[in-house]
Amino acid sequence: MTPYTHIVRYYECDRMGITHHSNYVRFMEEARIDWMDQLGYGFEKMEAEGVVSPVMAISLQYKRTTTFKDVIDIEVTVAEMSALKITFNYTMKVAGNIVCLASSTHCFLENNKPVVLEKRFPELCETIRQSMQS
């Protein structure tokens, strides 16, 4: 998979000129959406079929600061996948240096009820499993 690239915008920085910590959660979402698009199964398709994927947990470890116009490359991998949830890992780098390590866990819901991913989207599950092996 090709890493997602985000260029830090001026409004994403605080008064010290450093990227505000809250923006990294948004960067994760951008990268996760791009990752799903690369798999050929974007969130638009899933949501059009009535399934949503809310966040259950999130974790970030900030290693270095970033600033306006820094180019952040974000690698997304699947750490774990079960019948009801999936955990993504994110490695964010600027010029090859790690700036943030993060993870997010998501479940899948249809009509506010849990979805067994394997039953609802078997092809997607197989594609994700293949990505985990490469």
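This note goes through the nonpolar core, one helix pair and one loop residue of a predicted model.

1. Basis. The model is predicted, so local features need pLDDT of at least 70 and side-chain atom pairs count only at pLDDT 80 or more, while totals for chains, interfaces and linings use all residues. Residues are numbered from 1 along each chain as its sequence is written, and side-chain values use heavy atoms, with hydrogens and water left out.

2. Core. The largest nonpolar core (buried Ala, Val, Leu, Ile, Met, Phe, Trp, Tyr and Cys residues joined through side-chain atoms within 4.5 Å; buried means under 20% relative accessible area with a 1.4 Å probe, protein chains only) has 33 residues, and W35, M46, I74, Y90, M92, L124 and I128 have the most contacts inside it. Among the elements that each supply at least two residues are helix 2 (43–48) and strand 5 (85–94), and helix 1 gives the most, with seven; helices are DSSP runs of H or I with at least four residues, strands runs of E with at least two, numbered from the N terminus.

3. Helix pair. Helix 1 and helix 4 pack with their axes, lines fitted to C-alpha atoms over the stretch in contact, 11 Å apart and at an angle of about 105°, on a scale from 0 to 180 degrees between N-to-C directions. Helix 1 is therefore roughly perpendicular to helix 4, a term for angles of 65 to 115 degrees. W35, M36 and L39 of helix 1 meet L124, T127, I128 and S131 of helix 4, in contact defined as heavy atoms within 4.5 Å.

4. Loop residue. S53, in the loop between strand 2 (51–52) and strand 3 (55–62), counts as buried because its relative accessibility is 17%. A polar atom of the S53 side chain lies 3.3 Å from the backbone oxygen of C107.

Conventions: Buried < 20%, exposed > 50% of the residue type's maximum accessible area, 1.4 Å probe, protein only. Polar contact = N/O pair within 3.5 Å; in protein donor to acceptor, adjacent residues only side chain to side chain. Parallel < 35°, antiparallel > 145°, perpendicular 65-115°, else oblique.
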